[in-house]
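User: Please take a close look at the aromatic side chains in this model and at the surroundings in which they sit. I would like one connected account rather than a list.

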Amino acid sequence: MRHSHHAVRPARFRLEFAAFCEANRDAYVRYAQVRIDDHAEARRCVDAVFDALGAKWVAVLRGERPAACAWKDLRTETAQRSACVAGRAGRFHTFLREDQADMMLLHRHLQLPVDDAGGLMGLADHEARALLRGAERALRTFLDYCEG
C-alpha cells in the first residue's frame with residue numbers, strides 16, 4: 001500500500017528510516033485512530049510524528065531504544081489531538097498510567113501480541129509482560145473500588 005505522504009527523510013540512514021516507517025505505520029495509525037477517533041486525522045498525526053522523527057533520526061539512532069523515542073512522540077501527538085475525544089478504548093488513558101494504557105489499548109483493543117505491542121513501544125518482551133500485568137492489576141483494583 002503506497003502512502004501519498006512521504007516523511008522527511010534524514011540525510012543519513014535513509015533506508016533504515018524508511019524501513020522503520022514502513023514497519024510501524026499501520027500499527028501507529030490504528031493506535032492513533034482509536035485515540036483520535038478519526039482515520040484521516042490519525043494518518044495526519046502519524047505523518048507528523050514521522051516528519052519530526054526524520055528530522056532527528058540520526059540522534060534517535062544514537063539512543064538506546066529508537067522505538068521508545070518514536071512511541072513517546074506518537075503518544076504525545078495523539079494526546080494533543082485527542083484532548084476532547086473520550087472513545088471507549090481511549091478510556092484506558094483515563095484510569096491508567098500512559099504506558100499501561102497504551103499496552104492495554106494495543107494488546108486488548110487492537111489485539112496485538114504482547115511482544116509486538118512491546119516492540120512498538122520500544123520495550124523488551126519481559127518489560128511488556130510486566131507492564132501488562134501491572135495494568136491488569138490496576139484495572140482490577142479500580143473496578144473493585146468502584147463496585148465496593
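Analyst: Tyr28, Tyr31, Phe50 and Trp71 form one aromatic cluster, in what is a predicted model. A search of the whole structure finds six aromatic pairs. In one of them, the ring centres of tyrosine 28 and phenylalanine 50 lie 5.6 Å apart with the planes at 25°, and because planes under 30 degrees apart count as stacked, this pair is classed as stacked. Tyrosine 28 belongs to helix H1 (residues 14–36) and phenylalanine 50 to helix H2 (residues 39–55), so the contact between their rings ties together parts that are 22 residues apart in sequence. Both tyrosine 28 and phenylalanine 50 are buried.

The pair formed by phenylalanine 95 and phenylalanine 142 can be set beside this one. Its ring centres are 4.3 Å apart and its planes stand at 35°, so the pair is tilted. Here, too, distant parts of the chain are linked, since phenylalanine 95 is in helix H5 (residues 92–95) and phenylalanine 142 is in helix H8 (residues 125–147), 47 residues apart. Phenylalanine 95 has a relative accessibility of 40% and therefore counts as partly exposed, and phenylalanine 142, with a relative accessible area of 29%, is likewise partly exposed.

The surroundings of the cluster can be followed through the nonpolar core. In soluble globular proteins, nonpolar side chains tend to be buried together. The largest nonpolar core of this model has 40 residues, and those that touch the most other members are Phe20, Tyr28, Leu53, Trp71, Leu74 and Leu106; Tyr28 and Trp71 are also named in the aromatic cluster. Two or more residues of this core come from each of H1, H2, helix H3 (57–62), helix H4 (66–81), helix H6 (98–109), helix H7 (114–121) and H8, with H1 giving the most, at 10 residues. For leucine 53, once its neighbours within four places in sequence are left aside, the residues in contact are Phe17, Phe20, Val60, Ala70 and Asp73.

As for the chain that carries these side chains, it has eight helices and zero strands, and 43% of its 148 residues count as buried. Among contacts between residues at least 6 apart in sequence, 65% join residues at least 24 apart. The accessible surface of the chain comes to about 8600 Å², and carbon and sulfur atoms account for 51% of that area.

Note on methods. Residues numbered from 1 in each chain as written. Predicted model: local features only at pLDDT ≥ 70, side-chain atom pairs only at ≥ 80, totals over all residues. Heavy atoms only, no water. Helix = DSSP H or I, 4+ residues; strand = E, 2+ residues; numbered from the N terminus. Buried < 20%, exposed > 50% of the residue type's maximum accessible area, 1.4 Å probe, protein only. Contact = heavy atoms within 4.5 Å. Areas by Shrake-Rupley, 256 points an atom, 1.4 Å probe, with all protein chains shown as cover. Phe/Tyr/Trp six-rings, centres within 6.5 Å; stacked < 30°, edge-to-face > 60°. Core = buried A, V, L, I, M, F, W, Y, C linked by side-chain atoms within 4.5 Å.
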